[in-house]
Amino acid sequence: MSDPVNVLAPEHRRLRIGDGWRDAASGATFAVEDPATGTSIAEVADADAVDGLAALDAASRARAEWAATPPRRRSELLTATYRALTGRSEEVARLMTLEMGKPLAEARTEVAYGAEFFRWFAEEAVRVEGRYSTAPAGGYRILTVPKPVGPCVLVTPWNFPLAMGARKIAPALAAGCTTITKPAAQTPLTMLLLARIMEEVGVPPGVVNVVTTTRAGEVVSALLADSRIRKLSFTGSTEVGRVLLRQAADNVLRTSMELGGNAALIVCADADLDVAVDGAVVAKMRNLGESCIAANRIYVEEPVREEFTARFAERMGALSVGHGLDDGVDVGALIDEAAVTKIDELVTDAVGRGARVLVGGARLAGPGHFYPPTVLVDVPDDARMLATEIFGPVAPIIPFTSDDEVMAKANDTEHGLAGYVFTRDLRRALRFAEGLDTGLLGINRGVISDPAAPFGGVKQSGIGKEGSHEGILEYLDLTYAAIDLP
Ligand code: NAP
């Protein structure tokens, strides 16, 4: 089979700005690596602030015409993108695996998930509505008029190279906004391929601009400082999110922030253990654990602790590690050496505090950035991994004896993105749904993400929602008109 990189012609490994593809003004490029081998797979343009502002020029020029494009036409272009992505799923997935490291099966799932945002928001594009009502005191009428906010800066992480961008570009376009996407430096190729696909299906010039760079801070702050930008949507770490929120404050920008998580997964003694083990494996291991909603802490009620742990550990130990493009691989390479080192340190810290390793527990020899599925028990409350996003295939198991105790521990974090509860008792499930401080909750399910559902965290996990009807509202301003009609 041909090299997956060839799906993106060399002329499209450059900046997508306006109606063309261009080199960085400085002529600089940077290498994209296969994390499974550490070898370079492609060079892409390395933008600086000049290029970022050129993309903003293009997005600003296209703004009025795109906002005035009939919603049905915008919808059709999003549907065409959905069809093209679905039809070319294999090519997109192979490129994604090569630059990001996840197994091909996971990449295919992400392409399907990412494509669904285009289908969902194609359907939302034609359902943007205002309201008309009589003022309570009479005498005049109230009319609300939704309008696209204007050019948006979209900053995305490396862990879902397609879906995190799709979740922003699709609602922005549906609402009538133009966009500048800055993908993560480690995974720019999938986003460039999406931009190429959107060009091919006929999305007009200037509506989807993509700027690849190793100077994220310089490029994004130049954009945020320009008053033509009207919105920032960011997915990434809480740490960088805080920096960008401060910058966005200067121009009082609308922001959507999808930040880090520290999900607790709670297995109650009355749970169906088949369901709980399946759910825990997928909630931990989807995307190699490199997911904001990955189960970071697994709390198991004492009576089922032994049985759950034995069955979960057996499943984790049976997963095969290797290059994501190879057949039969369950766990691919982590994104980089820093990720492996961080996980190694977290495991060493937990073991130093008394945790025991049941499965895995030591980094694998290179080349590439591999860490095996790992299960730890007797993990004490002060282990660093319970307070930090592990972002890898490591599962700490902690026993609990009462709902109040586990609820307090689960909520004892600055994050509030996702949680999971396994129980057959409806009242217990509802008490957890009401008591856990999270934006998302899986009840007897390890998979939560759905383009039709509002995704987003509370506390320091973020602001705003992506997907569902709420997702398009993030890209719409509302003008209220008071109409005199005595
Ligand atoms: P990150 O380091 O925060 O980077 C995210 C994006 O921000 C990248 O494009 C990065 O560019 C850019 N960036 C970094 N520093 C910047 C700066 N000073 N100014 C402007 N942009 C900057 O996060 P990551 O390591 O890529 O992704 C993992 C994180 O994302 C985890 O915390 C995870 O939980 C979170 N995440 C959250 C969600 C959600 O929906 N809540 C979904 C997925 C991931 P470079 O690549 O060039 O550094």
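What is the volume of the largest cavity? In this predicted model, the largest cavity has a volume of about 90 Å³. The structure contains 5 cavities of 30 Å³ or more. The two treated here are the largest and the second largest, which holds about 60 Å³ of space.

**Largest cavity**

The lining of the largest cavity comprises 17 residues, and those closest to its centre are A264, R297, A410, A418 and T438. Three secondary-structure elements, β12 (263-267), α12 (403-411) and β17 (418-422), each contribute at least two lining residues. Among the contributors to this lining, β12 provides the largest share, with 3 residues.

**Second largest cavity**

The residues that line the second largest cavity are Y113, F160, M164, R167, R286, S291, C292, I293, S449 and F455. Both domain 1 (10-259 + 461-482) and domain 2 (264-443) take part in this lining, each supplying at least three of its residues.

**Character of the linings**

The table sets out the volume and lining classes of each cavity.

| Cavity | Volume | Nonpolar lining | Polar lining | Charged lining |
|---|---|---|---|---|
| Largest cavity | about 90 Å³ | 7 residues | 7 residues | 3 residues |
| Second largest cavity | about 60 Å³ | 6 residues | 2 residues | 2 residues |

In the largest cavity, the lining has 7 nonpolar and 7 polar residues, together with 3 charged ones. The lining of the second largest cavity has 6 nonpolar residues, alongside 2 polar and 2 charged residues.

Terms used:
Residues are numbered from 1 along each chain as its sequence is written. This is a predicted model: local features need pLDDT of at least 70, side-chain atom pairs count only at pLDDT 80 or more; totals for chains, interfaces and linings use all residues. Side-chain values use heavy atoms; hydrogens and water are left out. On a 1 Å grid over the protein atoms alone, a cavity is a set of points where a 1.4 Å probe fits but cannot get out, and a pocket is an open set with protein on both sides within 12 Å along at least five of seven lines; lining residues have an atom within 4 Å of a point. Grid points are joined across faces, edges and corners, and a volume is the space filled by probe spheres set on the points. Helices (H or I, at least four residues) and strands (E, at least two) are DSSP runs, numbered from the N terminus. Ala, Val, Leu, Ile, Met, Phe, Trp, Tyr, Cys and Pro count as nonpolar, Asp, Glu, Lys and Arg as charged, and the others, Gly among them, as polar. Domain bounds come from an automatic or database domain assignment.
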